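Please take the sequence and the structure together and follow the paragraphs below from one part of the chain to the next. Terms are explained where they come up.

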Amino acid sequence: MHRTDPIVPSEASTILQVCETDVPLHVFARDGAGVGKGDGAQNGTLRDELCLAMVTGIEGPSYRPLGAAMVISASGDHWGTLSSGCIEDDVILHARDALNSGEGKRLRYGRGSPYMDLQLPCGGGLDITLIPRPEPRVIANALACLGTRRPLRLTVTQDNRLTNGRLVSGAQTGGHTFEIQPRPRLVIFGKGPEARALFDMAHATDIEALLYSPDIDPKTETAEGAYPFTGPGWPDTPQDAVQLDARSAVALFFHDHDKEPPLLAHALASPAFYVGALGSAAARATREMMLETLGVPRDQIDRMVKPFGLVAHARAPYAIAAGVLAQVFEYAKLD
């Protein structure tokens with residue numbers, strides 16, 4: 001559960017980090033058009049009957065972070081959550097009214113709210129800003145950034161509009177700027193059931209999951225993001241090259257540890273926030289010696305997570321995978 005002090009409006013907005021998975025902007029793309037196409041996307045590629053509802057204030061505890069959002073259609077369809085289910089139905093009603101009127105508004109729930117029949121079990125207070133039909137170019141630019149895994153900044157202004165970039169100091173007292181970070185991406189290498197188990201579990205979450213494995217037969221594989229791997233180095237062919245960024249995690253599951261050094265050397269030199277590999281303490285020591293032989297600096301070698309996974313002494317493939325996935329989520333948390 002998230003907890004924060006009440007937001008106090010200031011001359012310069014504070015930049016608040018939130019993950020793409022908490023802000024379902026992809027719903028604005030009509031059949032995926034405009035995603036990753038640059039900020040020149042035509043308005044016709046975007047849905048225009050949608051209202052964006054964002055958490056812009058939290059007092060006390062909250063299940064959802066600042067910047068979490070719902071997207072609501074004129075018919076009442078909705079994506080995303082703002083609480084544990086306490087206020088969503090009421091927000092949908094207000095959002096449909098906002099779409100009809102074209103006017104944005106702010107709602108207060110819980111502590112200090114006029115809606116006394118809607119209580120928050122956590123005892124806190126939530127401010128929700130409704131933005132009907134956000135500016136298409138702002139949404140198009142956001143989709144372009146997220147489609148190419150680039151962070152972006154969006155500001156909710158005091159008059160309930162959505163703009164690009166950071167609020168200019170003094171221009172709109174009371175506005176809030178959110179830096180939206182790309183969803184975590186988990187790149188898995190390995191052979192055997194552990195690698196596949198982690199891929200399947202990650203695929204069921206909001207993490208973008210990729211699997212490179214000698215076990216994969218491209219003629220029969222149906223899962224998106226699963227590719228054959230023969231090694232020895234990092235995949236670099238046009239069809240399966242993957243660039244590691246600061247929201248990427250790398251996990252290795254090879255019982256033949258000779259395959260690991262070139263992959264680990266590449267990952268450890270990248271901005272990836274998590275790099276780990278399966279193996280015993282003896283295997284880890286051998287792995288580190290092999291990396292030193294390749295000339296990998298000690299500070300990079302020390303970036304490898306220890307222990308690998310949160311389930312101590314796990315043996316079953318899904319227990320191992322669950323521990324690694326939980327650890328990736330822990331490392332991926334935004335401050």
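Two strands are said to pair if DSSP finds at least two bridges between them, and the helices (H or I, at least four residues) and strands (E, at least two) named here are DSSP runs, numbered from the N terminus. This is a predicted model, in which local features need pLDDT of at least 70 and side-chain atom pairs count only at pLDDT 80 or more, while totals for chains, interfaces and linings use all residues. Residues are numbered from 1 along each chain as its sequence is written, and side-chain values use heavy atoms, with hydrogens and water left out.

A reader may first ask how far the predictor trusts its own model, and pLDDT, the predictor's confidence in each residue on a scale from 0 to 100, speaks to this. The protein chain has a mean pLDDT of 87, and 85% of its residues reach 70 or more. Two stretches call for care: over residues 1-12 pLDDT stays under 50, and the model has 34 contacts (heavy atoms within 4.5 Å) for them beyond four places in sequence. Over residues 33-42 pLDDT likewise stays under 50, and for this stretch the model has 19 contacts beyond four places in sequence.

A good place to begin is strand 14 (248-253), which is mostly covered, with 6 of its 6 residues buried; buried means under 20% relative accessible area, exposed means over 50%, and partly exposed lies in between, with a 1.4 Å probe and protein chains only. From this strand S248, V250 and L252 point one way, whereas A249, A251 and F253 point the other way, and all are buried. Strand 14 pairs with strand 11 (185-190) in the parallel sense over 6 bridges, and within that pairing A249 of strand 14 stands opposite L186. Strand 14 also pairs in the parallel sense with strand 15, over 4 bridges, and there the bridge partner of A249 is Y274.

Strand 14, helix 4 and strand 15 together make a right-handed β-α-β unit; a crossover is right-handed if, with the strands pointing away from the viewer, the path from the first strand over the helix to the second runs clockwise. Helix 4, which spans residues 260-268, is mostly covered, since 7 of its 9 residues are buried. These buried residues are E260, P261, L263, L264, A265, A267 and L268. An α-helix has 3.6 residues a turn, so residues three or four places apart point the same way. What covers the buried residues of helix 4 includes strand 11, strand 14 and strand 15 (274-277), and also helix 5 (281-293) and helix 6 (298-301).

The aromatic rings offer another way through the fold. Rings of Phe, Tyr and Trp (its six-membered ring) pair if their centres lie within 6.5 Å, and planes under 30 degrees apart count as stacked, over 60 as edge-to-face and the rest as tilted. The structure holds 7 aromatic pairs. In one of them F189 and Y212 are stacked, at 5.2 Å centre to centre and with 20° between the planes. This pair links distant parts of the chain, with F189 in strand 11 and Y212 in strand 12 (residues 208-213), 23 residues apart. F189 is buried, with a relative accessible area of 0%, and Y212 counts as buried at 1% relative accessibility. Why is the pair of F189 and F229 edge-to-face? The ring centres of F189 and F229 are 5.4 Å apart and their planes stand at 70°, so the pair is edge-to-face. This pair, too, links distant parts of the chain, 40 residues apart, for F229 is in the loop between strand 13 (226-228) and strand 14. F229 counts as buried at 7% relative accessibility. Ring pairs link F189, Y212, Y227, F229, W234 and F254 into a cluster.

Some details of the backbone remain. A cis peptide bond, with omega about 0°, joins G231 and P232, and P232 is found in the loop between strand 13 and strand 14. Another cis peptide bond joins K306 and P307, with omega about -5°, and P307 is found in the loop between helix 6 and helix 7 (317-332). R149 has a positive phi of about 60° although it is not a glycine; R149 is in the loop between helix 2 (136-147) and strand 8 (152-156), and at 12% relative accessibility R149 counts as buried.
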